[in-house]
Amino acid sequence: MRETISSITGAAVLILSFAGGPALESKDICAVAFTDGQGIAMVAAPQGWECDTKSPRAHDVHAFFYPGGAPRTATTTFMYVKTVPKMGYASLAELVSKEVEDRKAASPDLEVATGDPVATVSGHQQALVRHYSSARSGSYESAAYLEAREAYVVIVLSAKSEAAEKEAQQFFLESVRS
């Protein structure tokens with residue numbers, strides 16, 4: 001088993017590689033690990049999705065997840081995971097409120113809907129969910145906001161059409177629950 005960990009602003013990218021015998025191929029499982037006060041928690045790429053942890057660093061993102069079988073640059077749907085330092089925010093709710101405010105200022109036609117909270121697999125917390133859409137810019141996103149010990153974690157599903165975003169919701173929820 002090969003394990004790679006690199007520290008990035010309150011999170012670490014963890015790539016586990018399981019090598020099987022001659023009948024099994026190597027399988028990489030990508031996750032962004034962070035502490036949540038109860039121990040280590042991870043945000044994992046959905047089953048069947050690829051993980052890129054190298055190129056996102058230029059965008060202050062820890063990992064990109066995208067559907068398998070196509071190059072990341074060719075996909076119209078992808079997810080990314082980022083952390084936001086807790087400094088300057090009294091709570092997770094305040095971060096979400098500020099992000100909604102900033103997004104609306106940048107895109108006045110933006111529609112925002114509150115999604116149902118999503119429980120993590122550990123059961124220790126629920127992610128706050130917001131759905132953002134702008135028909136004018138062709139942007140459709142769902143964002144889940146979680147609190148870790150030293151930072152907030154944001155998981156974003158982004159798509160170029162409303163249909164593609166709805167189709168990928170199950171994969172988004174899989175990553176949020178992980």
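**Strand β10, helix α1 and their contacts**

In the pairing of β9 with β10, His131 has Ser142 as its bridge partner in β10. The model described here is predicted. Seven bridges join these two strands, β9 (126–134) and β10 (residues 139–147), and the strands run antiparallel. They form a hairpin with four residues between the strands. One residue of this hairpin, Gly138, takes a positive phi near 65 degrees.

On its other pairing, β10 meets β11 (151–159). This pair is also antiparallel, with eight bridges. Here too the strands form a hairpin, with three residues between them. Ser142 again marks a point of register: its bridge partner in β11 is Leu157. Strand β10 is mostly covered, with seven of its nine residues buried.

Ser142 deserves a closer description. This residue of strand β10 has a relative accessible area of 0%. The cut-off for a buried residue is under 20%, so Ser142 counts as buried. Two polar contacts involve its side chain. One joins Ser142 to the side chain of His131 at 2.7 Å. The other joins Ser142 to the side chain of Glu165 at 2.4 Å. His131 is thus named twice, as bridge partner and as side-chain contact. Beyond four places in sequence, Ser142 touches Arg130, His131, Ile155, Val156, Leu157, Glu165, Gln169 and Phe172. Among these neighbours is Leu157, the bridge partner of Ser142 in β11. Glu165, the second polar partner, is also in the list.

Helix α1 (92–106) was examined next. The helix has 15 residues, and at 1.5 Å a residue these should span 21 Å. Its end C-alpha atoms are 21 Å apart, so the expected and modelled values agree. The buried residues of α1 are Leu92, Leu95, Val96, Glu99, Val100 and Arg103. These residues cover an arc of only 135 degrees around the axis, which means that they lie on the same side of α1. The cover over them includes β7, β8 (111–119), β9, β10 and β11. Strand β10 therefore appears both as a mostly covered strand and as part of what covers the helix.

Charged pairs were then surveyed. The whole structure holds six salt bridges. One of them joins the side chains of Lys86 and Glu147, with N to O at 2.8 Å. This pair links distant parts of the chain, 61 residues apart. Lys86 lies in the loop between β7 (77–85) and α1, whereas Glu147 lies in strand β10. Glu147 counts as partly exposed because its relative accessibility is 33%.

Two further salt bridges fall within α1. Asp102 and Lys98 meet through their side chains at 3.0 Å, N to O. Both lie in the helix, four residues apart, about one turn. Asp102 is partly exposed at 39% relative accessibility. Lys98 is partly exposed as well, with a relative accessible area of 34%.

Arg103 and Glu99 form the other pair, and their closest N and O atoms are 3.3 Å apart. About one helical turn separates Arg103 from Glu99, because they are four residues apart in helix α1. Both Arg103 and Glu99 are buried. The pair does not stand alone: Glu99, Arg103 and Glu141 are linked in a network of salt bridges. Within α1, then, the salt bridge of Arg103 and Glu99 joins buried residues, while Asp102 and Lys98 are partly exposed.

Strand β6 (residues 63–67) gives a second covered strand, with four of its five residues buried. It pairs with two strands. With β5 (residues 49–52), β6 runs antiparallel over four bridges. In this pairing Glu50 stands opposite Tyr66 of β6. With β7, strand β6 is again antiparallel, over three bridges. There Phe65 stands opposite Met79 in β7. Strand β7 is in turn among the elements that cover the buried residues of α1.

Definitions and conventions
Residues numbered from 1 in each chain as written. Predicted model: local features only at pLDDT ≥ 70, side-chain atom pairs only at ≥ 80, totals over all residues. Heavy atoms only, no water. Salt bridge = Lys/Arg side-chain N within 4 Å of Asp/Glu carboxyl O. Buried < 20%, exposed > 50% of the residue type's maximum accessible area, 1.4 Å probe, protein only. Pairing = 2+ DSSP bridges. Polar contact = N/O pair within 3.5 Å; in protein donor to acceptor, adjacent residues only side chain to side chain. Contact = heavy atoms within 4.5 Å. Expected span 1.5 Å × (residues − 1). Arc of directions from axis to C-beta.
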